[in-house]
Amino acid sequence: MPRDIHPDTHTWSRRRLLGTAVATVAVAEVGLVGVARGETASIAKAGPMPGTLKQIDAGVLNVGYVEAGPADGPAVILLHGWPYDIHAFAEVVPILTAAGYRVIIPHLRGYGTTRFLAHDALRNGEQAALAVDVIVLMDALGIARAVLGGFDWGARTAGIVAALWPERCKALVSVSGYLIGNQEAGKKPLPPKAELSWWYQFYFATSRGRAGYEAYRKDFARLIWQTASPGWRFDDATFERSAQALDNPDHVSIVIHNYRWRIGLAEGERQYEALENRLAQAPDIRVPTITLEGDANGAPHPQPETYAKKFAGRYEHHLITGGIGHNLPQEAPQAFARAVVDVDGF
């Protein structure tokens, strides 16, 4: 359900939204034309996930994904973060499909119905592995090129695809900007206040933390949702709908490996070493990009001025006002969908 919109100091480009006739009609029908970049944080209530849940073998995974929209439409791949799931895009999907897009939303490894094909495969959560998952999924689905968008882990993954395989990424929408990291940077200490915001990363570095996350993963996820989006009032049904994705048998292993790998406490796989070496150079992203940030993001995130120069192609940054937190696509679906349509017209 579209939320109330209020003005911001900047306005969206109406010209880009009118780039194609189908997009014009669809966007106008959902009330986006001429609306400023603001959405009001309100009570989120669970509804059905648009599209069809499918499964496909892709690389080391059997991937669960939702597909919606015309099969011959331009492809948009949307990537969720931790500890969220595909339902973060539930209200984004009908806006994009009405505009003629084919929308693909996969469960990341360790979430939902996605499973490893080999019982003995390393449950690897390193950044390059997740990005390769996207490339092999695109290959399996016959998608040569797509607009990529995401938040949290999904924004990092989309950014890596854009940086390393720009021929596969038509354009990028990234919440919280440039998130590509490397282990050496992760080993460097931060000021105490910044370290405090990463408390869960240090918790996960311990055996107690792994056991605690295994035992209380839903309680943990609810806490992160609340602290990362302090202005977002979601109901129990909305939370439970997404929390089911955390029941994946590989979820805990993937999450723990991801955060331990970041700070050099876990090894990755040799097959990704060359990619990680390239990522360690903090490559520029040259595809057209819009970065988004909510004005009430309570999760650790870089400031826009620190990453603006990493986007070497056409680039815009949009601050979404109205108490919008970390899970921006679910809290501000109109703004996120609009960014996808806009960047596709760059």
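R241 touches A46, G47, D85, H87, A90 and Q330, leaving out residues up to four places away in sequence. This residue is found in helix α10, which covers residues 236-243. Its relative accessible area is 15%, so R241 counts as buried. R241 and P48 are 193 residues apart along the chain, yet their C-alpha atoms are separated by 9.5 Å. The model is predicted.

**The chain as a whole**

The protein chain has 15 helices and 11 strands. It holds 346 residues, and buried ones make up 55% of them. Contacts often reach far along the sequence. Among those between residues at least 6 apart, 81% join residues at least 24 apart.

**The nonpolar core**

In soluble globular proteins, nonpolar side chains tend to be buried together. Here the largest nonpolar core has 101 residues. W82, L96 and F336 have the most contacts inside it. Helix α4 supplies the largest share of this core, 10 residues. Take L96 as one example. Beyond its neighbours within four places in sequence, L96 is in contact with V76, L78, Y101, V103, A337, V340 and V341.

**Two helices, α4 and α11**

Helix α4 runs over residues 127-141. It is mostly covered, with 12 of its 15 residues buried. Those buried residues are Q127, A128, A129, L130, A131, V132, D133, V134, I135, L137, M138 and L141. At 1.5 Å a residue, α4 should span 21 Å, and its end C-alpha atoms are 22 Å apart, so the two values agree. Just after α4, G142 takes a positive phi of about 70°.

Helix α11 covers residues 251-262. The rest of the structure largely encloses α11, because 10 of its 12 residues are buried. The buried set is H251, V252, I254, V255, I256, H257, N258, Y259, W261 and R262. From first C-alpha to last, α11 reaches 17 Å, close to the 16 Å expected at 1.5 Å a residue. G264 follows α11, and its phi is positive, near 75°.

**The largest pocket**

How much space lies in the largest pocket? The figure is about 1,300 Å³. Its lining has 47 residues. R156, L190, W198, R262 and P300 lie nearest the centre. One of these, R262, is among the buried residues of α11. Several helices give two or more residues to this lining, including α4, α5 (153-164), α9 (207-228) and α11. By class, the lining has 25 nonpolar, 15 polar and 7 charged residues.

**The largest cavity**

The structure holds 2 cavities of 30 Å³ or more. About 90 Å³ of space lies in the largest cavity. Its lining is made of L61, V63, P106, H107, L108, R109, T114, L130, D133, V134 and L137. Two elements, β3 (61-68) and α4, give two or more residues each. Which element gives the most to this lining? It is α4, with 4 residues. The lining residues divide into 7 nonpolar, 2 polar and 2 charged.

So α4 recurs. It gives 10 residues to the largest nonpolar core, two or more to the lining of the largest pocket, and 4 to the lining of the largest cavity.

**Unusual backbone angles**

Most residues other than glycine have a negative phi, and most peptide bonds are trans. Three places in the loops depart from this pattern. The table lists them.

| Site | Angle | Loop |
|---|---|---|
| W82 to P83 | omega near -5° | P83: between β4 (75-79) and α3 (93-98) |
| D152 | phi about 55° | between β7 (146-150) and α5 |
| A282 | phi near 50° | between α12 (273-279) and β10 (289-294) |

The peptide bond from W82 to P83 is cis. W82 is also one of the residues with the most contacts inside the largest nonpolar core. D152 has a positive phi although it is not a glycine. A282 also has a positive phi and is a residue other than glycine.

Are D152 and A282 buried or partly exposed? D152 has a relative accessible area of 14%, so it is buried. A282 has a relative accessibility of 29%, so it counts as partly exposed.

Note on methods: Residues numbered from 1 in each chain as written. Predicted model: local features only at pLDDT ≥ 70, side-chain atom pairs only at ≥ 80, totals over all residues. Heavy atoms only, no water. 1 Å grid on protein atoms, 1.4 Å probe; cavity = no way out; pocket = protein on both sides within 12 Å on 5 of 7 lines; lining within 4 Å. Points joined across faces, edges and corners; volume = space filled by probe spheres on them. Nonpolar A, V, L, I, M, F, W, Y, C, P; charged D, E, K, R; others polar. Expected span 1.5 Å × (residues − 1). Buried < 20%, exposed > 50% of the residue type's maximum accessible area, 1.4 Å probe, protein only. Contact = heavy atoms within 4.5 Å. Core = buried A, V, L, I, M, F, W, Y, C linked by side-chain atoms within 4.5 Å.
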